[in-house]
Amino acid sequence: MADKYLELIGITTRFGDVEALQGVSLSVARGEVVCLIGPSGCGKSTLLRAANWLTPPNEGTVRLDGSVVGHAPQGRATAAQIRALNGHRARIGMVFQQFNVWPHLTALENVVRAQMVVLRRDKSEAEAKARQALADVGLSDKMDAWPERLSGGQKQRLAIARTLAMDPVLMLMDEPTSALDPELVAEVLAVLQRLAEIQMTMLIVTHELGFAMRVADRIVFMEAGGIVEQGPPQELLSNPRTDRLKAFLDKLSLTTLPKDREHAEI
Amino acid sequence: MTLDLTIFVDYGPRILLGFWMTIKIVVLAISLGLPFGVVLALARRSRLRVLSWSALAFIEIFRNTPFIIQVFLIYYVLPFYGLRLPAEQVGVLALAAFGSAYFAEVIRGGIDAVPSGQLESARAIGMSDLQAMRHIVLPQSLAIILPPLTNQMLSLIKESAILSTITVQEMTMTALRVQGETFRPFEAFIMIALLYWLLNEVVAIAMRALERRWTTKPVEGEA
Ligand SMILES: Nc1ncnc2c1ncn2[C@@H]1O[C@H](COP(=O)(O)OP(=O)(O)O)[C@@H](O)[C@H]1O
Ligand SMILES: [Mg+2]
């Protein structure tokens with residue numbers, strides 16, 4: 001795809017002596033679903049967190065729809081730059097492995113709060129939007145529930161609803177199902193699949209290869225802080241060109257693939 | 001030693017005036033010191049070095065020197081710089097500064113106890129750092145902050161007695177005067193001991209009520 005909607009250019013991130021990302025460039029087209037795979041510690045989370053400048057890189061540029069989200073190295077951000085960044089973040093939904101739902105707010109309030117605080121929507125509009133988003137993820141009957149009463153799958157769907165209510169143009173997801181009990185993975189993947197069907201632009205870190213196969217337009221394989229190989233799922237997974245991807249798939253298929261077959265039913 | 005009840009009757013009203021002054025001073029000191037404590041706690045976490053270091057220096061100085069010395073320094077040194085304030089105002093400022101240093105540490109502890117993912121998810125959705133603090137982090141810190149905060153308020157109330165040394169007409173000062181005039185220390189001091197105790201109980205009970213109100217979630221169905 002030629003259209004570059006999200007552009008990560010030359011992203012280098014260092015943590016002390018560790019170079020977590022070594023000049024990584026990656027573009028995502030509008031409506032495209034890209035799955036990031038790779039061994040633990042290879043820099044997937046760091047790359048995702050560079051995309052919304054949550055972990056600002058040491059070098060590199062991030063652009064969304066042509067406008068700069070972040071550019072490094074850069075001196076202290078000005079107030080205007082911080083406002084612009086927060087504006088971008090409001091349109092970039094992020095879903096975390098650990099859900100990070102807000103435990104002091106009910107499900108409905110979780111979805112309402114940022115709409116009111118960040119987008120300055122009034123209460124009735126925010127609540128209408130929140131009800132719709134909660135319905136979209138199948139949580140209509142949990143509006144008034146406290147997060148601690150929800151299962152892991154429900155918490156993650158709540159977190160997704162919270163970002164959907166912001167009318168995101170892009171979703172970043174960092175292993176959205178990795179913290180879930182196996183029997184709860186399917187309900188979350190089903191929600192993600194629906195998002196893919198409505199052409200939501202998504203960058204998803206996942207170990208669920210079966211899921212990636214079904215929804216991804218492109219799979220990107222990372223290792224040791226760089227992109228090793230990328231391509232359409234079928235092609236990439238059935239014909240890995242590099243030994244490193246081959247080795248990774250061999251190791252993963254032992255653990256993940258059987259589990260994924262079950263999910264393929266939904 | 002027998003109790004001379006007439007002292008209570010004759011001097012009670014004066015003691016109550018002192019009590020009223022103590023209440024005014026303490027309420028003012030807490031209303032200044034608490035918000036300033038929040039500012040200090042946030043400054044302490046700031047990425048701006050000047051800010052975090054100044055906050056740290058302030059907190060360390062006020063926590064590691066005796067309150068009575070702080071009071072003397074402020075009372076006797078400020079006039080040298082042309083700032084001559086009435087003793088009551090110096091007292092309020094000194095108590096507020098002293099209290100804010102302790103409040104700041106309690107608040108910072110509460111903020112740090114909230115998992116980092118909470119702040120991250122708030123920032124990732126577009127909240128500014130201050131919005132994230134106000135809407136996401138601080139409300140969750142309350143349960144952790146309130147009990148030690150109450151303790152700090154109680155010690156602030158007790159420390160206010162020190163202000164008698166700079167002639168603030170608060171309760172301890174009044175009791176000292178009454179004692180000087182009557183030579184009946186027991187009656188004078190038992191009155192104010194009871195009043196300090198009463199004030200602290202009221203504050204402790206009010207804070208516990210706040211704690212229940214702010215930190216207990218309604219049972220499901222009630223929400
Ligand atoms: N906040 C951090 N501080 C120090 N090192 C970090 C931090 N975050 C990540 N790293 C290091 O950067 C590398 C990449 O981490 P990460 O992006 O989390 O990998 P992945 O998500 O692919 O498992 C790892 O070596 C990790 O230890
Ligand atoms: Mg990761």
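**Entry 1: the mixed sheet of chain A**

Before I describe any sheet, I note what pairing means here: two strands pair if DSSP finds at least two bridges between them. I am working with a predicted model, and I keep that in mind for everything below.

With that definition in hand, I looked up how the strands of chain A are arranged, and I found an open sheet of 6 strands in the order β6-β7-β8-β3-β9-β10, with mixed pairing. The edge strands are β6 and β10 (226–231) of chain A, each of which pairs on one side only. I also noted the twist of this sheet, which averages 15° from one strand to the next.

I then picked one pair of neighbours to look at in detail. Strand β7 (residues 170–174) of chain A and strand β8 (residues 202–205) of chain A pair in the parallel sense, over 4 bridges. Within this pair I could place two leucines, since A:L172 stands opposite A:L203 in β8(A). I finished with the helix on this sheet: α2(A) lies across β6 and β7 of chain A and runs at about 65° to β6(A).

**Entry 2: the antiparallel sheet of chain A**

As a reminder to myself, strands of a sheet pair through backbone hydrogen bonds, either parallel or antiparallel. In what order do the strands of the open sheet with antiparallel pairing come in chain A? I read the order as β2-β1-β4-β5, which makes 4 strands. Its edge strands are β2 (18–28) and β5 (67–72) of chain A, and each of them pairs on one side only. Neighbouring strands of this sheet are turned against each other by 15° on average, if direction is ignored.

Here I followed strand β1 (residues 6–15) of chain A, which pairs with β2(A) in the antiparallel sense over 7 bridges. One position I marked is A:E7, whose bridge partner in β2(A) is A:S27. Next I looked for helices packed on the sheet, and I found helix α1 (residues 44–51) of chain A lying across β1, β2, β4 (59–64) and β5 of chain A, at about 125° to β1(A). Helix α2(A) packs on this sheet too, where it touches β4 and β5 of chain A, and its direction makes about 120° with that of β5(A).

**Entry 3: two backbone details in chain A**

Most residues other than glycine have a negative phi, and most peptide bonds are trans, so I searched for exceptions. The peptide bond from A:A72 to A:P73 is cis, with omega near 0°, and A:P73 lies in the loop between β5 and α2 of chain A. The other case is A:Q199, which is not a glycine and yet has a positive phi, near 70°. I located A:Q199 in the loop between α6 (182–197) and β8 of chain A.

**Entry 4: chain B**

How many helices and how many strands does chain B have? I counted 8 helices and 0 strands, and along the sequence the pattern reads α-α-α-α-α-α-α-α. The C-alpha trace of chain B spans about 70 × 55 × 25 Å along its principal axes.

**Entry 5: where the chains meet**

The contact takes 28 residues from chain A and 22 residues from chain B. About 2300 Å² is buried between the two chains, and carbon and sulfur atoms give 56% of this area. In chain A, the residues that lose the most area to chain B are A:W102, A:H104 and A:W146, which together make up 25% of what that side buries.

I then looked up the polar side of the contact, where 8 residue pairs are in polar contact and the count of salt bridges is 1. This salt bridge joins A:R49 to B:E120, with the closest N and O atoms 2.7 Å apart. On the side of chain A that touches chain B, the elements giving two or more residues are α2 (79–91), β6 (92–95) and α3 (107–117) of chain A. The residues of that side divide into 14 nonpolar, 5 polar and 9 charged.

**Entry 6: one residue of chain B**

I closed with B:Q131, which sits in helix α6 (residues 129–159) of chain B. Which residues does B:Q131 touch, leaving out those up to four places away in sequence? They are A:V117 and A:R120 from chain A, together with B:G126 and B:I136 from chain B. A polar atom of the B:Q131 side chain lies 2.9 Å from the backbone nitrogen of B:S128. From C-alpha to C-alpha, B:Q131 and B:L119 are 10.0 Å apart in space, and 12 residues separate them in sequence.

Methods: Residues are numbered from 1 along each chain as its sequence is written. Chains are lettered from A and ligands numbered from 1 in the order in which they are written. This is a predicted model: local features need pLDDT of at least 70, side-chain atom pairs count only at pLDDT 80 or more; totals for chains, interfaces and linings use all residues. Side-chain values use heavy atoms; hydrogens and water are left out. Contact means heavy atoms within 4.5 Å. Buried area is the accessible area (1.4 Å probe) that two parts lose on being put together, summed over both. A salt bridge is a side-chain nitrogen of Lys or Arg within 4 Å of a carboxyl oxygen of Asp or Glu. A polar contact is a pair of N or O atoms within 3.5 Å; within protein, one must be able to donate a hydrogen and the other to accept it, and residues adjacent in sequence count only if both atoms are side-chain atoms. Ala, Val, Leu, Ile, Met, Phe, Trp, Tyr, Cys and Pro count as nonpolar, Asp, Glu, Lys and Arg as charged, and the others, Gly among them, as polar. Axes are lines fitted to C-alpha atoms, for helices over the stretch in contact, and angles run from 0 to 180 degrees between N-to-C directions.
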